Amino acid sequence: MAVLVAVLALLLAPIPATAADPPAVKLSSSQAGTGGSITVTGSGWRAHALLMILICGRSVPSTGVRGGTNSCANADGRAVTTDAEGRFSRKLPVAEPPVPCPCVVHVATVTGAKAEADAIFQVAGHAVEPLPAEPAGGRLSVLTDTRLDGSAGLLTWFGAPPARTLVFTVGNVGTSAVKNPLFQVGTSHGVFAPQWEEQQWRGTIQPGRKARIELPVELAAGAHGDYTVSLKYGGKVMAEQPWGVARPWGVTLFWILVCLVVPAAVFRVGMAVVDRVRPRQTARRRGLRLPEAALRLPGLRPREEARHALPSSSALPWFTPDNDPGTAGRLSAPHDDSPTSPTTPTRKGPP
């Protein structure tokens, strides 16, 4: 029973999860000449991630791409999207990088969390030179995650350039002090390459010391969407920070108001012009006399003729003056004085 219980416990115990494999890159050939092509395969990448494949010079996998993408054949690069399992396969044309070899095939994510991997590659016929020695003395390393401080204001809502402050902490891991270090801050949108801008920090960082660095970052007016802020020092990218910029809805509201106000203003101006021109025609119509205008209306003609048929005197006929000989002694309306009427019977014979 004890053995059975132990077996069941082993079967039911959770299996410890293995660490995720880092991104890896494999090449179909380690050497090829210009004009040929190689097949690049990868595994361990994020699912449905957009990757960029480049041939870069003056680089080895241990140090990465020195000098950034300026050392790569960017015009002949290829993009690829990983599948649901984080794998990909893509043909890459062989091109000479702008700097001498040693060379690598560099694969890096375009959007989302940063990940990259390199594989040694030799471009046949391309110049080969030893890597330049790293400068002795002070060396800076980013100790904390970068962040963007600041918020959007009312002017940004109406299309003003969005601005933030890139904040990070660096430490001097070298043997000498670093005075007034020169950083490069780049902003990129989507799949486009970053646009770098040099910014110098005033101060001195002694060996073994650290310092908090704040560098301003500003985008173009009306910018919106997903941006990435990159930090470079000594030709090497040290950190990247995503930045989501809201759409300037105030600009949209402004154009909507323009589309409503301008037609209304044009309509009012047109009506004012019509009012200034119309009084001449109205004066002619007002010059007509009322009887003439009424006679032209068919509904008023019978009343006008009846009015002209009435006597000029306003007195009623049965209230005429007493001096009229034809109506003397009559104080009431005229009535029939005939001896007989159609409804009165007559007697025959002597009374």
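**Exercise 1. Locate Pro 102 and describe the peptide bond that leads into it.**

Solution. Start with the place: Pro 102 sits in the loop between strand S8 (88-93) and strand S9 (103-109); strands here are DSSP runs of E with at least two residues, numbered from the N terminus. Next, look at the bond from Cys 101 to Pro 102: this peptide bond is cis, with omega near 20 degrees.

A word on the model: it is predicted, so local features need pLDDT of at least 70, side-chain atom pairs count only at pLDDT 80 or more, and totals for chains, interfaces and linings use all residues. Residues are numbered from 1 along each chain as its sequence is written, and side-chain values use heavy atoms, with hydrogens and water left out.

**Exercise 2. Find where His 48 lies, and decide whether it is buried or exposed.**

Solution. First, His 48 belongs to the loop between strand S3 (37-43) and strand S4 (50-57). Second, its phi is near 55 degrees, a positive value in a residue other than glycine. Third, His 48 has 58% relative accessibility and therefore counts as exposed (buried is under 20% relative accessible area, exposed over 50%, partly exposed in between, with a 1.4 Å probe and protein chains only).

**Exercise 3. Do the same for Arg 58.**

Solution. Begin with the loop between S4 and strand S5 (59-60), where Arg 58 is placed. Now check the backbone: Arg 58 is not a glycine, yet has a positive phi of about 55 degrees. Finally, with a relative accessible area of 32%, Arg 58 is partly exposed.

Definitions and conventions. Helices (H or I, at least four residues) and strands (E, at least two) are DSSP runs, numbered from the N terminus.
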